[in-house]
Amino acid sequence: MTSINNENFYFPNWHPESWKFCFQKQIPNYKNELSLKYSMNYLKKSEKIVLDQEIIDLKNLYSQAEKGNLFVLQAGDCAETFESCNFDDVKNRIDHLEYLCSLLEENIKKKVVLIGRIAGQYAKPRTEQFEFKNNSKILSYRGDIINSINYSEADRSPDPKRLITAYEKSKQTVNWINKIKKNNLFISHEALLLHYESSLTHYSSFTKDWLDYSAHTLWLGERTREINGAHVEFLKGIGNHIGIKIGPNAKPNEVVELLLLLNPRNSPGKISLITRFGDSPVLENLSEIIFSIQKKQLNVTWISDPMHGNSFKSHTGYKTRNFTNILNELKNTLEIHKKMNSILAGVHLELTYNNVTECTGGECNLQEQDLHLRYETYCDPRLNRSQSIQLINNFSKLYLEHKIS
């Protein structure tokens with residue numbers, strides 16, 4: 001069978017751990033090397049979380065989305081927790097995601113591919129290495145795969161055994177998903193903890209390529225997309241579909257350089273650009289990047305993440321996002337794509353089925369003084385059940401208004 005990517009033709013010296021020789025950011029400092037080696041060896045011998053054919057199928061679907069033949073809904077929790085890995089919670093998450101998918105599909109009259117931020121979204125990048133509380137300084141919480149949310153020096157120390165726990169809970173979640181789901185559902189997470197990702201990467205005799213079996217698709221974060229960095233080094237060698245988060249600091253020439261490196265064959269369905277500018281900055285940045293990519297005739301699937309560029313600290317001290325800003329970024333993004341004769345092929349959202357109070361606005365009319373009532377996220381604020389349904393409905397109307405005929 002012909003390889004789906006075969007990047008080793010371009011990178012003959014690449015191997016799953018070649019990232020260790022590159023500049024590293026957002027990589028935890030594990031003090032127990034023997035424990036880390038044990039955990040990585042355990043993962044290397046473990047059963048795959050996803051299958052070769054599923055990875056291929058998703059890339060083919062992305063190539064269709066790129067042409068406007070279908071739409072991508074990528075959504076789920078900001079950060080999964082080990083505690084949330086129980087059947088009832090997973091079922092509620094899947095039921096809500098499938099409902100949003102069917103609602104969007106019905107509204108826009110187009111097939112929608114559903115990709116969950118689930119079964120592996122246990123690591124989170126942090127801007128600050130340390131947190132301060134009660135006049136004490138401690139390592140920041142980096143996600144359950146790295147350390148604990150509990151506020152003590154021992155809990156915040158990176159623990160290699162958590163890699164095994166994350167794998168086992170991801171595998172269990174996928175097993176439950178396969179019993180629960182009514183239609184196709186793919187899994188995704190940020191490719192952040194490279195000890196984990198590289199340990200679950202193997203050469204595929206089926207595709208004649210290296211595949212990361214931790215998820216069907218992974219994304220490269222805004223904080224880790226340095227061209228000479230460890231995360232780009234790892235991702236350039238795998239055959240999975242890759243998303244790239246693009247924020248307001250991204251320069252068009254840098255984005256082009258990334259695309260040429262991560263997709264040297266310029267294969268359709270290989271890369272999605274997930275833009276996350278903010279409702280106003282998108283007007284200043286997106287057109288120039290689209291133009292640069294069109295000029296080079298590079299194949300990408302355009303996705304809008306209207307969440308991350310619209311975060312702010314409320315007057316009550318909580319990190320939050322406003323529903324109107326989120327919807328405005330989607331509206332502005334659609335307008336720019338239409339103006340540039342480009343195709344917005346998907347959205348990337350952080351949301352939950354729970355009636356949390358983390359984002360303000362929407363028909364539920366949450367105010368900043370309400371945030372403390374059910375502020376349950378371990379990291380970034382999520383749309384609640386009501387807000388996520390409203391956003392899908394409102395976005396659908398905008399999508400149809402801006403559809404390129």
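This passage walks through a barrel, two of its helices and a set of salt bridges in a predicted model.

The model is predicted, so local features need pLDDT of at least 70 and side-chain atom pairs count only at pLDDT 80 or more, while totals for chains, interfaces and linings use all residues. Residues are numbered from 1 along each chain as its sequence is written, and side-chain values use heavy atoms, with hydrogens and water left out. Helices (H or I, at least four residues) and strands (E, at least two) are DSSP runs, numbered from the N terminus.

A good place to begin is the barrel. It is closed by 8 strands, in the order β1-β2-β5-β8-β9-β10-β11-β14, with parallel pairing; two strands pair if DSSP finds at least two bridges between them. From one strand to the next, the twist averages 25°. Axes here are lines fitted to C-alpha atoms, for helices over the stretch in contact, and angles run from 0 to 180 degrees between N-to-C directions. Strands of a sheet pair through backbone hydrogen bonds, either parallel or antiparallel. Strand β1 (residues 71-76) meets strand β14 (residues 344-350) in the parallel sense over 5 bridges, and Gly76 has Glu350 of β14 as its bridge partner. Helix α2 (residues 52-66) packs on the sheet, where the strands touched include β1, β2, β5 and β14. The direction of α2 makes about 125° with that of β2. Helix α10 also packs on the sheet, touching β10, β11 and β14, and its direction makes about 165° with that of β14. Contact means heavy atoms within 4.5 Å.

Helix α10 rewards a second look. Its 17 residues should span 24 Å at 1.5 Å a residue, and the end C-alpha atoms are 25 Å apart, which agrees; the expected span is 1.5 Å times one less than the number of residues. At the N-terminal end, Asn322 acts as a cap, with a side-chain oxygen 2.9 Å from the backbone nitrogen of Thr324. After α10 comes Asn341, whose phi is positive, near 55°. Among the buried residues of α10 are Phe323, Ile326, Leu330 and His337, where buried means under 20% relative accessible area, exposed over 50%, and partly exposed in between (1.4 Å probe, protein chains only). The cover over these buried residues includes α9 (281-296), β13 (319-321) and α11 (385-401).

Helix α5 (residues 161-180) has 20 residues and reaches 29 Å from its first C-alpha to its last, close to the 28 Å expected. Its buried residues include Leu163, Tyr167, Trp176 and Ile180, and their cover includes α1, α3, β5 and α6.

Finally, a search of the whole structure finds 23 salt bridges, each a side-chain nitrogen of Lys or Arg within 4 Å of a carboxyl oxygen of Asp or Glu. Side chains of opposite charge can pair when their charged atoms come close. In one of these, the closest N and O atoms of Lys25 and Glu226 are 3.0 Å apart. Lys25 lies in the segment before α1 and Glu226 in the loop between β8 and α7, so the pair ties together parts that are 201 residues apart in sequence. Within α10, Lys331 and Glu335 form a salt bridge at 2.7 Å, N to O; being 4 residues apart, they are separated by about one helical turn. Lys91 and Asp95 also meet in a salt bridge at 2.7 Å, 4 residues apart in helix α3. A network of salt bridges links Arg117, Lys319, Arg321, Glu350 and Asp380.

Terms used:
Polar contact = N/O pair within 3.5 Å; in protein donor to acceptor, adjacent residues only side chain to side chain.
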